[in-house]
Amino acid sequence: MATNTHAHITTWVVAIILFVVALSLLKAGNAKATKIVQMVLRVFYILIIVTGWLLLHNTNYSGEHLLKSIVGIGVIGAMEVLLARKSKGKPTGAILGIFIVLLIVVLYLGFSLPLGIEWF
Ligand code: HEM
């Protein structure tokens, strides 16, 4: 099973870029382009989950890897909710805060766990 984290890293980096692009398109009022970017972004959500799952399978679903994966899914959920609220014109301050905290936690857990890069 997968032990190489490159594919997983590629998928979440692309997703975060698409997320920022979708947010700025929304801000510019370009609803059609936002929809298209959001559809591609959703494909990348699936790719993040599949590549993460392959890594998780390799760790036998052990505690901290499972926690890392759950927080990862939380990050995806926060991106989706943030875009939905913003497109409806609802306030996004709280969910933006949640997104940033979850992202920091998942990056810390990811880069401190044994597979791939170990920065912390
Ligand atoms: C936007 C969401 C996500 C981000 C930003 C993210 C980030 C990361 C990072 C930074 C790493 C470490 C890579 C390395 O050390 O080379 C990693 C590894 C990993 N990710 Fe994710 N991830 C996300 C979503 C997910 C999801 C949804 C799952 C599970 C379904 C998952 C499961 C894993 C697993 C099992 C590892 C290996 C941990 C280890 O043993 O080192 N991730 N991820």
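Student: Which arrangement do the six donor atoms around the iron atom of the ligand form?

Tutor: Start with the ideal case. Six octahedral donors have ideal angles of 90 or 180 degrees at a metal. Now this model, which is predicted. Its six donor atoms subtend angles of 82 to 176° around the iron atom of the ligand, which makes the arrangement octahedral. The cut-offs are these: opposite donors over 155 degrees apart, all others between 65 and 115.

Student: Which residues coordinate the iron atom?

Tutor: Look for donor atoms of the protein. Here they are His-8, through NE2, and Lys-68, through NZ. The distances are 1.9 to 2.1 Å.

Student: Where in the chain do His-8 and Lys-68 sit?

Tutor: Compare residue numbers and helices. His-8 belongs to helix α1, residues 6-27. Lys-68 belongs to helix α3, residues 63-87. The two are 60 residues apart, and the pair links distant parts of the chain.

Student: Are His-8 and Lys-68 buried or exposed, and why?

Tutor: Use the relative accessible area. Buried means under 20%. His-8 has 12%, so His-8 is buried. Lys-68 has 17%, so Lys-68 is buried.

Student: What else does the side chain of His-8 contact?

Tutor: Look for pairs of polar atoms. The side chain of His-8 makes a polar contact of 3.0 Å with the side chain of Thr-51. A polar side-chain atom of His-8 also lies 2.9 Å from a nitrogen atom of the ligand.

Student: Which backbone atoms lie by the oxygen atoms of the ligand?

Tutor: Check polar backbone atoms as well as side chains. A polar backbone atom of Leu-115 is 2.8 Å from an oxygen atom of the ligand. For Leu-113, a polar backbone atom is 3.4 Å from an oxygen atom of the ligand.

Student: How many residues are around the ligand, and which come nearest?

Tutor: Take the shell first, then rank it. There are 26 residues around the ligand. Thr-5, His-8, Lys-68, Leu-115 and Ile-117 come nearest.

Student: Which helices supply at least two residues each to that shell?

Tutor: Map the shell onto the helices. α1, α2 (31-58), α3 and α4 (93-112) each do so. As for the site itself, the ligand takes up the space of the largest pocket.

Student: What about Thr-3: where is its place, and is Thr-3 buried or partly exposed?

Tutor: Read position and accessibility together. Thr-3 is in the segment before α1. Its relative accessible area is 45%, so Thr-3 is partly exposed. Then check for partners far along the chain. The C-alpha atoms of Thr-3 and Leu-54 are separated by 8.2 Å, although the residues are 51 apart along the chain.

Technical notes. Residues numbered from 1 in each chain as written. Predicted model: local features only at pLDDT ≥ 70, side-chain atom pairs only at ≥ 80, totals over all residues. Heavy atoms only, no water. Donors = N, O, S within 2.8 Å, 3.2 Å for Na, K, Ca; no water. Tetrahedral: all angles 85-135°; square planar, octahedral: opposite > 155°, others 65-115°. Helix = DSSP H or I, 4+ residues; strand = E, 2+ residues; numbered from the N terminus. Buried < 20%, exposed > 50% of the residue type's maximum accessible area, 1.4 Å probe, protein only. Near = heavy atom within 4 Å. Polar contact = N/O pair within 3.5 Å; in protein donor to acceptor, adjacent residues only side chain to side chain. 1 Å grid on protein atoms, 1.4 Å probe; cavity = no way out; pocket = protein on both sides within 12 Å on 5 of 7 lines; lining within 4 Å. Sits in = over half its atoms within 2 Å of the grid points.
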